[in-house]
Amino acid sequence: MNLENYYEYCLSKKGVTEHFPFDENTLVFKVGGKMFALSSLSQWEQEIPKVNLKCNPERAQELRAEYDSIVPGYHMSKVHWNTIAINQEVQDVLVKELIDHSYELVIGSLTKKLRNELQNL
């Protein structure tokens, strides 16, 4: 997966917006005003890309046990976030599945009103 594929995949989801709330380097994708994916652009440029994605705590533990390239979320809640090293042992299909999972977790945490608004986009 390259940066363009990652960027386009995240933005292809309903209601997603991109932000740089922390600095000009950290690209954050949000839905309903809540983060579901973030990544350092400079790490992509240095060819050591990583993404932080929200994850169900039990699944997060399972993924960390199975893959050396998936670790507790860097600068995030270690219970609810994973950092995934891209282009290593984690295949693009799984990265997309984990992006979907993160997005769905955030959607599920939104108010019913916001979820309905997203469905109507």
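How many aromatic pairs does the structure hold? The structure, a predicted model in which local features need pLDDT of at least 70 and side-chain atom pairs count only at pLDDT 80 or more, while totals for chains, interfaces and linings use all residues, holds five aromatic pairs. Residues are numbered from 1 along each chain as its sequence is written, and side-chain values use heavy atoms, with hydrogens and water left out.

Rings of Phe, Tyr and Trp (its six-membered ring) pair if their centres lie within 6.5 Å, and planes under 30 degrees apart count as stacked, over 60 as edge-to-face and the rest as tilted. Ring pairs join Y6, Y7, F29, F36, W44 and Y103 into a cluster. F29 and F36 are both buried (under 20% relative accessible area, with a 1.4 Å probe and protein chains only).

| Feature | Partners | Values |
|---|---|---|
| Tilted aromatic pair | F29 and F36 | 6.5 Å centre to centre, 40° between planes |
| Charge over ring (NZ of Lys or CZ of Arg within 6 Å of the ring centre and within 35 degrees of the ring normal) | K13 and Y103 | 5.4 Å from the ring centre |

The largest nonpolar core (buried Ala, Val, Leu, Ile, Met, Phe, Trp, Tyr and Cys residues joined through side-chain atoms within 4.5 Å) has 30 residues, of which Y6, F29, V31, F36, I84 and I99 touch the most other members. Helix 4 gives the largest share of this core, seven residues. Beyond its neighbours within four places in sequence, I99 is in contact (heavy atoms within 4.5 Å) with Y6, Y9, C10, K13, F36 and L53.

Note on methods. Buried means under 20% relative accessible area, exposed over 50%, partly exposed in between (1.4 Å probe, protein chains only). Helices (H or I, at least four residues) and strands (E, at least two) are DSSP runs, numbered from the N terminus.
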